[in-house]
Amino acid sequence: MAQSEAATIVETGAEAAAHGGGSGFNIHPMDQFVVQPLFSDGAVSIFTVTNATLWMAIVVLATALMLIVGTRGRNVIPSRAQSLAELSYGFIYKMVEDVTGRDAVKYFPYIMTLFMFIVLANFLALIPGSFSPTSHIAVTAVLALLVFFGVTILGFVLNGASFLRLFWVSSAPLALRPILAVIELVSYFVRPVSHSIRLAGNIMAGHAVLKVFAGFAGALGVFAVVPVLAITAIYALEVLVAFIQAYVFTILTCVYLKDALHPHH
Amino acid sequence: MEGDISTLGQFIGAGLAGLGSGIAALGVGNVAANFLNGALRNPSAAASQTATLFIGIAFAEALGIFSFLVALLLMFAV
């Protein structure tokens, strides 16, 4: 039923476009997230080069380029590239220091890598016609699970069995502690779920909304000015969301890392 | 309009679960409003607490994400 409705919307869009003399509009909000092989049209296996792998590679190259070019000059008065690299470095460094503490600075490279990958993936996904890797739960779940397993293993390596005191809230009354332990345990294991779906859900929903409004523009003919203006406003919001979600992902990584380093409430 | 009763229940359930995401927005707004409340009373302390603001927003949002997840599961996995 949903499909036939979508087909009707697409048809009316195509009709309106045909009246306007343009080519047919075939906008389905979720089509932009389809993972397609680049060099063949067969099934996608684990080693197939797809648009997702292409855009993740572009993100990695862009990160490397930005930071290498930015840190090459080291002028006293920084160029734009240099100040961009220095600003992002200082921003994450200060975040790690403030949220996790000074002893967490040795884990800074990983957190910086996470932030740069996510923020550039989000920003490059806003280029029209590109593909957004972070809109896929498969991508964000890997990032979140790496943090989850890394933090858990680190907690046990650094603290031994006393890492389990994280779940035993010593500031609560004794009778409440077993109940709190269950709640803490559940919330600990739910962390990678919310950590990954927050990022993927925000990016996916934002891009889907843009495409829904693009569909309106195709169906409205001359009055397409209204949805186009709305798209412009939503696009500005999406630029903000792209940065904030990368920031939230990184700061939550810092919070989880803090639990591993100092598991005492 | 055809389809079986379980599909109907699935879609209604997904819609109801989606309400939870909207209610989580109330929580996020509450966090931001209270932050602004405190920040305007003591602006010099506000800048150091933005990290706390985002952590609070993230935790409030997490439960909305679970209802969104339930909606997704009902739509695509059941």
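**View 1. Chain A is built from helices.** In this predicted model, the secondary structure of chain A comes to 7 helices and 0 strands. Walk along the sequence and the pattern reads α-α-α-α-α-α-α. How many of the 265 residues count as buried? For chain A, the share is 28%. Now look at contacts in chain A between residues at least 6 apart in sequence: 64% of them join residues at least 24 apart.

**View 2. Here are the stretches of chain A that UniProt lists as "transmembrane region".** The record, an unreviewed entry, gives residues 52-70, 107-131, 137-159, 166-190, 210-232 and 239-258 of chain A. Two of these spans are worth a look here. Residues 137-159 of chain A are 100% helix and 0% strand, and the C-alpha atoms at the two ends of that span sit 32 Å apart. Then there are residues 210-232 of chain A, with 83% helix and 0% strand. For that span, the end C-alpha atoms lie 9 Å apart.

**View 3. Zoom in on two packed helices of chain A, H2 and H4.** Two packed helices are described by the angle between their axes and the distance between the axes. At what angle do helix H2 (residues 51-70) and helix H4 (residues 108-124) of chain A pack? The angle is about 120°, and the axes are 9 Å apart. As for handedness, H2(A) passes H4(A) in a right-handed crossing. On the H2(A) side, the contact is made by Trp55(A), Ile58(A), Val59(A), Ala62(A) and Thr63(A). H4(A) brings Met116(A), Phe117(A), Leu120(A), Ala121(A) and Leu124(A) to the contact. Sort the residues of this contact by class and you get 9 nonpolar, 1 polar and no charged.

**View 4. Meet Ile153(A), a residue in a helix.** You'll find Ile153(A) in helix H5 (residues 137-159) of chain A. Is Ile153(A) buried or exposed? Ile153(A) counts as exposed because it has 11 C-beta neighbours inside 10 Å, and the cut-off for exposed is 12 or fewer. Try finding Ala260(A) as well: Ile153(A) and Ala260(A) are 107 residues apart in sequence, yet their C-alpha atoms are 8.6 Å apart in space.

**View 5. Two loop residues of chain A, Val34(A) and Asn75(A), sit on either side of H2 in the sequence.** Val34(A) belongs to the loop between helix H1 (2-20) and H2 of chain A. With 11 other C-beta atoms within 10 Å, Val34(A) is exposed. Its partner in this view is Ala57(A), 23 residues away along the chain, and the two C-alpha atoms are separated by 17 Å. Carry on to Asn75(A), in the loop between H2 and helix H3 (80-100) of chain A. Asn75(A) has 9 other C-beta atoms within 10 Å, so it is exposed. Where does Phe223(A) lie relative to Asn75(A)? Asn75(A) and Phe223(A) are 148 residues apart in sequence and 51 Å apart in space, C-alpha to C-alpha.

**View 6. Over to chain B and its helices.** Chain B has 3 helices and 0 strands, running α-α-α from the N terminus on. Why is chain B described as more spread out than a compact globule? Its radius of gyration is 18 Å, well over the 12 Å that the globule rule gives for 78 residues, so chain B is more spread out than a compact globule. Along its principal axes, the C-alpha trace of chain B spans about 60 × 20 × 15 Å. Of the 78 residues of chain B, 10% count as buried. Among contacts in chain B between residues at least 6 apart in sequence, 94% join residues at least 24 apart.

**View 7. What UniProt marks on chain B.** The unreviewed entry lists "transmembrane region" for residues 12-33 and 53-77 of chain B. Residues 12-33 of chain B are 100% helix and 0% strand, with end C-alpha atoms 32 Å apart. Residues 53-77 of chain B are also 100% helix and 0% strand, and here the end C-alpha atoms lie 34 Å apart. The UniProt record (unreviewed entry) also places "domain: V-ATPase proteolipid subunit C-like" at residues 12-74 of chain B. Over that domain span, chain B is 94% helix and 0% strand, while the end C-alpha atoms are 9 Å apart.

**View 8. Where chain B meets chain A.** Here 10 residues of chain B are in contact with 13 residues of chain A. On the chain B side, the residues that touch chain A divide into 8 nonpolar, 1 polar and 1 charged.

Definitions and conventions. Residues are numbered from 1 along each chain as its sequence is written. Chains are lettered from A and ligands numbered from 1 in the order in which they are written. This is a predicted model: local features need pLDDT of at least 70, side-chain atom pairs count only at pLDDT 80 or more; totals for chains, interfaces and linings use all residues. UniProt positions are given in the numbering used here, feature names are shortened, and annotations may be inferred rather than shown by experiment. Helices (H or I, at least four residues) and strands (E, at least two) are DSSP runs, numbered from the N terminus. Two residues are in contact if their C-beta atoms, placed from the backbone, lie within 7 Å. Ala, Val, Leu, Ile, Met, Phe, Trp, Tyr, Cys and Pro count as nonpolar, Asp, Glu, Lys and Arg as charged, and the others, Gly among them, as polar. The radius of gyration is taken over C-alpha atoms; the globule rule is 2.2 Å times the number of residues to the power 0.38. A residue is buried if 20 or more other C-beta atoms lie within 10 Å of its own, exposed if 12 or fewer, and partly exposed in between; C-beta atoms are placed from the backbone. Axes are lines fitted to C-alpha atoms, for helices over the stretch in contact, and angles run from 0 to 180 degrees between N-to-C directions. A crossing is left-handed if the near helix is turned anticlockwise from the far one by less than a right angle, and right-handed if clockwise.
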